[in-house]
Structures are given as structure tokens and as C-alpha cells.
Amino acid sequence: MSTGTAAGAGTGRGPGGVQALSLVPRAEGVQSMKDFKSDQEVRWCPGCGDYAVLAAVQGFLPELGLARENIVFVSGIGCSSRFPYYMNTYGMHSIHGRAPAIATGLAASRPDLSVWVVTGDGDALSIGGNHLIHALRRNVNLKILLFNNRIYGLTKGQYSPTSEVGKITKSTPMGSLDAPFNPVSLALGAEASFVARTIDSDRRHLTDVLRQAAAHPGTALVEIYQNCNIFNDGAFDALKDKEKADQAVIRLEHGRPITFGTHHDQGVVRDPHTGDLAIVTVTDDNRDTLLVHDAHATSPTTAFALSRLADPDTLHHTPIGVLRSIQRPVYDTQMSDQLDTATERDGKGDLTTLLTGADTWTVIG
């Protein structure tokens with residue numbers, strides 16, 4: 001957008017330093033999907049999964065009731081990173097892997113904004129891996145959409161950090177030797193407070209996950225399985241084929257036993273001997289032992305175990321939905337509290353004193 005500046009608002013601090021999204025300035029009047037479409041021609045390859053994600057985001061944003069000038073999309077480099085061009089909000093197409101760092105500065109300095117990061121598996125997990133994990137552990141008030149097509153699409157088909165072992169690409173003609181990242185496992189290991197996975201072609205599920213991410217105070221990471229029909233077509237067919245998906249996809253719902261299959265005849269249990277999770281055929285004898293999904297568990301241990309069920313080669317069995325959603329202090333809100341405390345104590349900030357501190361030296365030439 002080229003008009004207006006974001007309206008001022010309070011920091012929206014709540015219990016435990018949580019910043020509520022509802023305190024971001026609201027829009028006047030009713031908005032529609034059309035209001036969030038920019039005048040730029042959408043340029044992705046025909047059939048790319050990015051189109052479905054863009055439509056889902058543009059379709060659900062009006063529900064938030066936020067003024068468009070108070071929403072910002074920041075991206076890095078890659079096919080997915082063209083996203084800000086197509087959103088009629090503020091946005092920035094930044095540099096490779098640095099979107100979380102730029103978005104962190106924006107969220108920390110402007111608590112009245114709703115800040116979104118759009119990135120890909122190469123952008124986020126290769127050159128941007130360090131920035132990503134620190135944004136997650138700090139719990140900055142960001143919503144991170146990680147498009148995972150398990151390939152470098154923009155640069156024409158090199159293997160990426162999520163490509164499976166043995167993947168033959170232009171840069172790995174004899175097959176990749178690298179063990180792939182599991183983005184959800186990585187996020188949980190970084191102590192992310194909200195971690196979810198969804199699929200580009202499942203509009204209803206994708207939109208539901210986006211709603212939950214938007215409402216979450218702090219960093220929300222959503223991995224989106226996205227098909228690259230040019231350089232890695234069919235990477236997620238096991239999860240999209242109607243005949244295969246029932247046996248491959250585990251749909252997680254908080255508070256409900258974890259079952260899947262055409263007749264919900266498959267389930268997840270915890271092995272009493274090893275503590276690992278296992279897939280079983282549900283019977284009357286083991287029904288009471290089925291694992292009940294708890295997305296709000298303080299410990300990420302079970303969520304991590306669920307994330308490891310996805311086999312990188314066959315995608316059996318792959319949990320989708322919200323794996324973890326917990327409340328913990330939000331970094332930018334805590335930082336604002338410290339600044340307010342310093343101002344109240346000193347009356348004004350003294351940059352020279354801050355920079356020089358107690359230990360200074362005078363160098364005489």
C-alpha cells in the first residue's frame with residue numbers, strides 16, 4: 001500500500017507479558033477478500049501451490065477486522081517470497097534468509113502492527129536458519145508461514161534442506177547425501193510457542209490453522225506443504241490422493257484421541273517400554289490406551305514425538321494441525337516494559353551513558 005500510516009495504539013500488554021492481537025487498530029467497515037488483493041499480476045508457474053495459499057490468506061484476513069495499513073508481510077528470497085507484491089497491505093521483499101530478523105525489528109518497534117513472515121524451505125532453513133530459530137525461541141509477536149516444497153524452485157531445481165536423502169537434482173546428480181530437516185521438529189526444538197502443519201490443497205484445514213496462528217500471542221510457525229509442479233511435482237501425493245490420504249494423514253485435534261484411517265481404525269499409542277510413539281490398529285482392548293492430543297502441554301516432548309512420525313521418504317504417517325500452542329511471555333512486549341521502566345526511573349533516556357557504560361578508556365595518540 002502507498003497510503004496512510006499505521007494508527008498509534010497501546011502496547012496491549014496482558015498477563016504474563018502477552019500481547020493481544022485484538023488491540024491492533026481495527027478496520028472501519030466490512031472488508032472482503034478483494035480488499036486484500038493488490039493490483040499486481042500474480043506471477044507463479046501455472047499450477048503452483050502458492051496460488052492456493054495466497055487465496056486462503058486473502059480470504060481469511062478480513063475476518064480479523066484489522067486495518068490493512070496495520071498489517072505487514074515481510075519475505076525473503078524465493079518463489080514464496082513474492083507474496084508481499086500480491087497483498088494490498090504494507091510489505092517488504094527483503095534479502096535471503098533475513099525476513100525473521102527484519103520482521104523482529106518491526107514487531108519490536110511497532111506493537112500496533114500485525115507482522116507476518118512468508119518464507120520457503122530454502123530461504124528459512126538454509127541461509128536463514130539462524131534467524132528463524134532465534135525468532136522462535138524469543139517468542140517475538142510474528143506469524144511465520146513456511147512454504148515447504150522440498151526443492152529450490154526459484155533457482156530452478158536444486159535440492160533444499162528438506163529434500164529427502166537420495167534426491168536427484170541439478171545440484172545432486174548422484175543423489176543428495178544430506179539428512180533433511182523436519183521443520184516442525186526444528187521449531188519445537190527451538191521452544192516455539194505455536195507450531196502447526198497444513199497442506200496447500202486443503203483449503204478448509206489451511207484456513208483453520210491460519211486463524212489459530214493469527215490469534216496466538218507470540219511467534220506462530222505454520223509449515224505449509226506446497227507442491228512445486230515444475231521441479232518437484234508430486235512430492236506430497238501420498239497426502240493428497242484420496243485413496244492414500246486416509247492412511248497417511250493424521251489430523252490432530254486438541255483433546256481428542258489421535259486416530260486416522262478410513263474408519264478411524266488406526267491410532268497412536270505410547271510404547272510402555274521405550275516411551276516412543278507407535279501406530280496400532282484400534283481394537284476394544286487398546287482403545288483406552290490411545291494418545292489424546294494435548295496441544296497445550298507445557299512440555300514439547302510429545303509434540304516432538306508426533307512430529308517424528310512423518311517418514312521423509314514416504315510421508316507415512318504425517319500429523320497435520322496444531323502440534324503445540326502454549327502461552328509464554330512475548331519478547332517485544334517484555335522489551336517495551338523494560339523501556340517504560342527505564343524511562344519512569346530516569347525520566348529520560350541517556351544514549352551516551354548507555355553506550356559508554358562504566359568501563360571507558362581514553363586513547364591518546
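This briefing covers the residue Ile 199, the helix H6 and the largest pocket. The model is a predicted one. Ile 199 lies in strand S5, which runs over residues 194–199, and the largest pocket has a volume of about 500 Å³.

**Ile 199 and its surroundings**

- Ile 199 counts as buried because its relative accessible area is 5%, which falls under the 20% cut-off for that class.
- Once residues up to four places away in sequence are set aside, Ile 199 touches Leu 206, Ile 224, Tyr 225, Leu 239, Lys 240 and Ile 320.
- Ile 199 and Arg 345 are separated by 146 residues in sequence, and their C-alpha atoms lie 50 Å apart in space.

**Helix H6**

- Helix H6 comprises the 13 residues 203–215, for which a rise of 1.5 Å a residue gives an expected span of 18 Å, and its end C-alpha atoms are indeed 18 Å apart, so the two values agree.
- The buried residues of H6 are His 205, Leu 206, Thr 207, Val 209, Leu 210, Ala 213 and Ala 214, and Leu 206 is also one of the residues that Ile 199 touches.

**The largest pocket**

- The largest pocket, with its volume of about 500 Å³, is lined by 24 residues, of which Asp 246, Val 249, Ile 250, Arg 251 and His 264 are the closest to its centre.
- At least two lining residues come from each of helix H7 (237–240), helix H8 (242–248), strand S7 (249–251) and strand S8 (259–260).
- By residue class, the lining of the largest pocket consists of ten nonpolar, six polar and eight charged residues.

Terms used: Residues are numbered from 1 along each chain as its sequence is written. This is a predicted model: local features need pLDDT of at least 70, side-chain atom pairs count only at pLDDT 80 or more; totals for chains, interfaces and linings use all residues. Side-chain values use heavy atoms; hydrogens and water are left out. Helices (H or I, at least four residues) and strands (E, at least two) are DSSP runs, numbered from the N terminus. Buried means under 20% relative accessible area, exposed over 50%, partly exposed in between (1.4 Å probe, protein chains only). Contact means heavy atoms within 4.5 Å. The expected span of a helix is 1.5 Å times one less than its number of residues. On a 1 Å grid over the protein atoms alone, a cavity is a set of points where a 1.4 Å probe fits but cannot get out, and a pocket is an open set with protein on both sides within 12 Å along at least five of seven lines; lining residues have an atom within 4 Å of a point. Grid points are joined across faces, edges and corners, and a volume is the space filled by probe spheres set on the points. Ala, Val, Leu, Ile, Met, Phe, Trp, Tyr, Cys and Pro count as nonpolar, Asp, Glu, Lys and Arg as charged, and the others, Gly among them, as polar.
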